[in-house]
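These are my notes on the model, set out as numbered points for discussion. Please read them with the structure open.

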Amino acid sequence: MCCLSQGYAVCCRWFLMVLMVTGIVFSCLTVASCHFIKYVDSNGNQGAVGLYRYFDTTTSSCIDHDDSISYSESENAARTGAVVAPMAASATILILLIEFCCCRFICSRLLMGLG
């Protein structure tokens with residue numbers, strides 16, 4: 001019975017790791033995208049913008065936003081969160097890999113209880 005519960009915990013951790021890697025990939029795609037939001041302006045022209053870049057219809061390429069643009073607090077929070085979230089998830093995956101491969105952490109029983 002003990003072996004079965006440990007196997008279940010390992011499966012759950014691998015599932016968590018796969019889920020986190022997927023989230024990191026999608027977060028990176030979101031940050032790099034210049035087609036995050038598509039819109040139609042008042043003249044009927046279509047456009048697309050991303051968190052850090054926009055799609056220029058004249059050159060048909062993605063261009064970084066100008067530094068002269070001022071963003072609201074919520075926009076800055078979204079831009080910052082889009083970069084910090086994959087970094088935090090990457091650090092978590094690194095900790096999980098170290099735990100899987102090398103050793104047991106201090107208070108690892110507490111972490112197993114939370115998982």
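1. In this predicted model, Arg79 counts as buried, because its relative accessibility of 16% falls under the 20% cut-off. Arg79 belongs to helix α2, and once its neighbours within four places in sequence are left aside, its contacts are Leu51, Tyr52, His65 and Tyr71.

2. One of these partners, Tyr71, deserves a separate look. The side chains of Arg79 and Tyr71 are joined by a polar contact of 3.3 Å, and Arg79 also lies over the face of the Tyr71 ring, at 4.3 Å from the ring centre. As for pairs between aromatic rings, the count for the model comes to 0.

3. The overall arrangement may be set out next. The protein chain holds 3 helices and 4 strands, and from the N terminus on these elements follow the order α-β-β-β-β-α-α. Of its 115 residues, 17% count as buried. Among the contacts between residues at least 6 apart in sequence, 33% join residues that are at least 24 apart.

4. Which residues make up the largest nonpolar core? It consists of 6 residues, namely Met17, Met20, Ile24, Ala89, Ile93 and Leu96, and the elements that give two or more residues to this core are α1 (2–32) and α2 (73–101). Within this group, Ile24 can serve as an example: with neighbours up to four places away in sequence set aside, Ile24 is in contact with Pro86, Ala89, Ser90 and Ile93.

5. The strands can be followed in order of pairing. Strand β1 (residues 37–40) pairs with strand β2 (residues 46–49) in the antiparallel sense, over 4 bridges, and in this pairing Tyr39 stands opposite Gly47 in β2. The hairpin that β1 and β2 form has 5 residues between the strands, and Gly44 there takes a positive phi near 90°.

6. Strands β2 and β3 also run antiparallel, joined by 2 bridges, with Val49 standing opposite Tyr54 in β3; the hairpin formed by β2 and β3 has 3 residues between them. The antiparallel strands β3 and β4 are joined by 4 bridges, and here Phe55 stands opposite Cys62 in β4.

7. Tyr54 in strand β3 should be described with some care, since its relative accessible area of 27% makes it partly exposed, a class that lies between the buried limit of 20% and the exposed limit of 50%. Not counting residues up to four places away in sequence, Tyr54 touches Cys34, Ala48, Val49, Ser61, Cys62, Ile63, Asp64 and His65. For one of these partners, Cys34, the C-alpha atom is separated from that of Tyr54 by 4.7 Å, although the two residues are 20 residues apart along the chain.

8. Finally, I would ask the authors to comment on the backbone at Ser60. Where does Ser60 lie? Its place is in the loop between β3 (53–56) and β4 (61–64), which form a hairpin with 4 residues between them. The phi of Ser60 is near 55°, a positive value in a residue other than glycine. This merits attention because most residues other than glycine have a negative phi. Ser60 counts as exposed, because its relative accessibility of 53% is over the 50% cut-off.

Key: Residues numbered from 1 in each chain as written. Predicted model: local features only at pLDDT ≥ 70, side-chain atom pairs only at ≥ 80, totals over all residues. Heavy atoms only, no water. Phe/Tyr/Trp six-rings, centres within 6.5 Å; stacked < 30°, edge-to-face > 60°. Lys NZ or Arg CZ within 6 Å of the ring centre and 35° of its normal. Core = buried A, V, L, I, M, F, W, Y, C linked by side-chain atoms within 4.5 Å. Buried < 20%, exposed > 50% of the residue type's maximum accessible area, 1.4 Å probe, protein only. Contact = heavy atoms within 4.5 Å. Polar contact = N/O pair within 3.5 Å; in protein donor to acceptor, adjacent residues only side chain to side chain. Pairing = 2+ DSSP bridges.
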